Amino acid sequence: FTEESLTIPQIVLGDVVEVKTVEGKVKLKIPPGTEPGALIRIKDKGILSLRGKYGDHFIRVKVEVPKKLSSEENKLYEGLMSLKDKKKGWF
């Protein structure tokens, strides 16, 4: 089990990230709309069992919330908020 911190755009739009596993780094596709706290499984990339088979590697998704925004980022988030007000939900 590991945790991967992703940005809000990565969570919303999806992305491909590199994840460290026991066997080395692998590329992991993050599906669009992944929920914070979700568990993503990478089959056969975990620890080798006594029976000679590899287990699965699980990644817990965390959201990296920015503490400080540039003026441009702030305007973009304000634009998203105004869109939210026009619709019933964000997504």
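Read from its N terminus onward, the protein chain follows the pattern β-α-β-β-β-β-α, which amounts to 2 helices and 5 strands. The model described here is a predicted one.

**Overall dimensions**

The radius of gyration of the protein chain is 17 Å, whereas a compact globule of 91 residues would have a value near 12 Å. Along the principal axes, the C-alpha trace spans about 55 × 25 × 15 Å. Of the 91 residues, 20% count as buried, and the chain exposes about 7,300 Å², of which carbon and sulfur atoms supply 56%. Among the contacts with a separation of 6 or more, 35% are made by residues that lie 24 or more positions apart.

**The open sheet**

An open sheet is formed by 3 strands in the order β1-β5-β4, and the pairing within this sheet is mixed. Strands β1 (2-7) and β4 (39-42) stand at the edges and have a single partner strand each, so one side of each is left without a neighbour in the sheet. On average, and with direction ignored, neighbouring strands of this sheet are turned by 35 degrees against each other. Strand β1 runs parallel to β5 (residues 57-64), to which 6 bridges join it; Thr7, for instance, has Glu64 in β5 as its bridge partner.

**The hairpin**

Strands β2 and β3 form a hairpin, with 2 residues between them. The pairing of β2 (residues 15-21) with β3 (residues 24-30) is antiparallel and extends over 7 bridges, and within this pair of strands Val17 stands opposite Leu28 in β3.

The two strand pairings for which bridges are given can be set side by side:

| Strand pair | Sense | Bridges |
|---|---|---|
| β1 and β5 (residues 57-64) | parallel | 6 bridges |
| β2 (residues 15-21) and β3 (residues 24-30) | antiparallel | 7 bridges |

**Gln10 and its surroundings**

Helix α1 (residues 8-13) includes Gln10. Because its relative accessibility is 16%, and buried means under 20%, Gln10 counts as buried. When residues up to four places away in sequence are not counted, Gln10 touches Asp15, Val17 and Ile30. With Asp15 there is also a polar contact of 2.7 Å, which joins the side chains of Gln10 and Asp15. Through these contacts the helix residue meets the hairpin, since Asp15 and Val17 fall within β2 (residues 15-21) and Ile30 within β3 (residues 24-30). The Val17 that Gln10 touches is thus also the residue that stands opposite Leu28 in β3.

Definitions and conventions
Residues numbered from 1 in each chain as written. Predicted model: local features only at pLDDT ≥ 70, side-chain atom pairs only at ≥ 80, totals over all residues. Heavy atoms only, no water. Pairing = 2+ DSSP bridges. Helix = DSSP H or I, 4+ residues; strand = E, 2+ residues; numbered from the N terminus. Axes fitted to C-alpha atoms, helices over the stretch in contact; angles between N-to-C directions. Buried < 20%, exposed > 50% of the residue type's maximum accessible area, 1.4 Å probe, protein only. Polar contact = N/O pair within 3.5 Å; in protein donor to acceptor, adjacent residues only side chain to side chain. Contact = heavy atoms within 4.5 Å. Rg over C-alpha atoms; globule rule 2.2 N^0.38 Å. Areas by Shrake-Rupley, 256 points an atom, 1.4 Å probe, with all protein chains shown as cover.
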